[in-house]
Amino acid sequence: MKKFDKPFRIEKRVNSPFSDIVKIKKESNGLGVLKAFIVFGIIAFQVLMFIVLHTTFILSFKWTALLTFIISLITCIYVLSSNKNSHSKAVWIIFLLLCFPFSYIFYLLSDERLLLAKSSKRFKTIYQNSERYNLNQSAKIKNQNVINNCAYLYNAGGFNAYNGTKAEYFGSGTSFFDDVIKRIKLAKEFVFLEFFIVADGALFTRIFDLLSEKVKQGVDVRVIYDDMGSHKVLSRKSKLALKNSGIKIQPFNKITPFVSLALNYRDHRKIIVIDGKTAYTGGCNLADEYVNEKRMHGYWKDGGIRLDGLAVDGFTLFFLRQWEVLSKQSEDYSAFLSKANNYQNESVFVPFADGLDYKNNIGKSVYENMIACANQKIYIMSPYFIVDDTLNNLLISKAMSGVDVRLIIPEIPDKTFVYGVTRNNAEKLIDSGVKVYCMKKSFVHTKLLLTENSAVVGSINMDLRSFYQQFECAVFTDDEKILKDANLDFDETIKESLLITEKNKLRNHLIYRAFAGVMLLFAPFM
């Protein structure tokens, strides 16, 4: 991996509807910021008014104070008996007891069974209706640990293990999107894109200028973007240009000026499917910083993977289900599946997803299973490291058992508060033998878990948001070429990184430990 990628080149076409998007990006999307300020200001006002009116009512009828305290106490007992992770339980109990006059109402409004009942029902219906397209694959699997992980993925979410697939690993966002552009140019039938962030800029101009040409050729182009992730960086003008060019777009969980804890649930998936023959996933969003066209936090280290072959159907299915949920229109899945070639490769590939459309915390469980099965090495690259006690203790026990456990995190943060918790949590592992590295002058955004016999590449961060609150996706594989290239990427990144030791730990400073301790209370929301 080279420290700095080659400059990303912009290819402009005459009369392109996207030719001025770069200018929009450089001038900053002021209207998007203003809209966000107004929306969140209205929401904050609603919350404040509720608290004031509710508290005033309680003070007027003092007997209600005892009643609300009892209700909050009962709610605390309910929280303790729930399936929430330990961090979330601690935060909710503190909030319920300190703000007892109204806290129990916020908890009830945040309960997934009430908050997302309608959405969950729709997800379930679409999942059941489309399951007939998810043909069971009889993949050949040699390693017992891989067999166990594939069995979990199938039983937990119906994710098939595929042979007949070849893959390519990318150690940078530039190489990832250069390859994507080459494949889009060859598209004949359809191109599906799903991203957390779609942002105006050089990359946007190049990709969507190409896609608008493909629409003219009769290619079905569809885009899903997360409204929260894109709201300040994707202008209204760009959205209008997309629609006018014939590209179909759907925002996920659109931001509205009304109080709703459902805004906390986001679509963090990164999926590209081309003609049902090629699929991509990884950490890269569709924005300039991911190809280092724009330097926001030093060098942006990212990566991803391309699949060609039978396993592509898995990502096609994920996208179509999400599209059907958002568009509220039924889809004929058969028109987009079983299009890929069957390559002579016995390696195993399991595309899998996570989110509210599945009962289990699949991403977290896959990470736990891989770590528990590792006997030689556990290599992790993640922008964030905010995990619960189960994962934390697993890494500690593995390191103390002689397994080579290494963790690469950024040196430059994208979010100061989140980085404080990440660095604090990572440094706690050093005493147990875990080697922690910070990539110098860089922000690491790659999501990679690597053991001696398998790897996961995708959108899933090592944090509680990815594990419990976001829609995610990834690929589990034992492919020797992917393992070799991912190992090489990890080794090259370590060369550009600083090893954290007892001498240079930030935890050596009392003020930092106090700051990290306070911020840890908000870990479930980071």
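## Briefing: helix packing, a mixed sheet and a buried glutamine

Helix α14 crosses helix α15 in a left-handed sense. This is a predicted model. The protein has 526 residues, and 59% of them are buried. Its secondary structure amounts to 19 helices and 20 strands. Take the contacts between residues at least 6 apart in sequence: 83% of these link residues at least 24 apart.

**Helix α14 against α15**

- α14 covers residues 362–373, and α15 covers residues 389–400.
- Their axes lie 10 Å apart, at an angle of about 15°.
- Angles under 35 degrees count as roughly parallel, and α14 and α15 are therefore roughly parallel to each other.
- On the α14 side, the contact uses Lys364, Glu368, Ile371, Ala372 and Cys373.
- On the α15 side, Thr390, Leu391, Leu394, Leu395 and Lys398 meet them.
- By type, the residues of this α14–α15 contact are six nonpolar, one polar and three charged.

**Helix α14 against α8**

- α14 also packs with helix α8, which spans residues 144–157.
- The two axes come within 10 Å and cross at roughly 165°.
- Angles over 145 degrees count as roughly antiparallel, so α8 and α14 are roughly antiparallel to each other.
- The crossing of α8 over α14 is right-handed.
- α8 contributes Asn145, Asn149, Tyr152, Leu153, Ala156 and Gly157 to the contact.
- α14 contributes Ile362, Ser365, Val366, Asn369, Met370 and Cys373.
- The residues of the α8–α14 contact comprise seven nonpolar, five polar and no charged.
- Cys373 of α14 takes part in the contact with α8, and Cys373 is also listed in the contact with α15.

**The seven-stranded sheet**

- Seven strands form an open sheet in the order β1-β9-β7-β6-β2-β3-β4.
- Pairing in this sheet is mixed.
- β1 (165–170) and β4 (248–252) are the edge strands, each paired on one side only.
- From one strand to the next, the twist averages 10°.
- β6 (residues 271–274) and β7 (residues 278–282) run antiparallel, joined by three bridges.
- Ile272 has Tyr280 in β7 as its bridge partner.
- β2 pairs with β3 (residues 220–226) in the parallel sense, over six bridges.
- Val191 has Val221 in β3 as its bridge partner.
- Helix α9 (residues 173–184) lies across β1, β2, β6, β7 and β9.
- The direction of α9 is at about 160° to β7.

**Burial of β2**

- Strand β2 runs from 190 to 195.
- Six of the six residues in β2 are buried.
- One side of the strand holds Phe190, Phe192 and Glu194, and these are buried.
- The other side holds Val191, Leu193 and Phe195, which are buried too.
- Both faces of β2 are thus covered.

**Gln322 in helix α13**

- Gln322 sits in helix α13, which spans residues 312–327.
- Buried means under 20% relative accessible area, and Gln322 counts as buried because its relative accessibility is 1%.
- Beyond its neighbours within four places in sequence, Gln322 touches Phe123, Glu194, Ile224, Phe252, Asp267, Arg269 and Phe471.
- Among these partners of Gln322 is Glu194, one of the buried residues of β2.

Note on methods:
Residues numbered from 1 in each chain as written. Predicted model: local features only at pLDDT ≥ 70, side-chain atom pairs only at ≥ 80, totals over all residues. Heavy atoms only, no water. Axes fitted to C-alpha atoms, helices over the stretch in contact; angles between N-to-C directions. Helix = DSSP H or I, 4+ residues; strand = E, 2+ residues; numbered from the N terminus. Parallel < 35°, antiparallel > 145°, perpendicular 65-115°, else oblique. Left-handed = near helix turned anticlockwise from the far one by under 90°. Contact = heavy atoms within 4.5 Å. Nonpolar A, V, L, I, M, F, W, Y, C, P; charged D, E, K, R; others polar. Pairing = 2+ DSSP bridges. Buried < 20%, exposed > 50% of the residue type's maximum accessible area, 1.4 Å probe, protein only.
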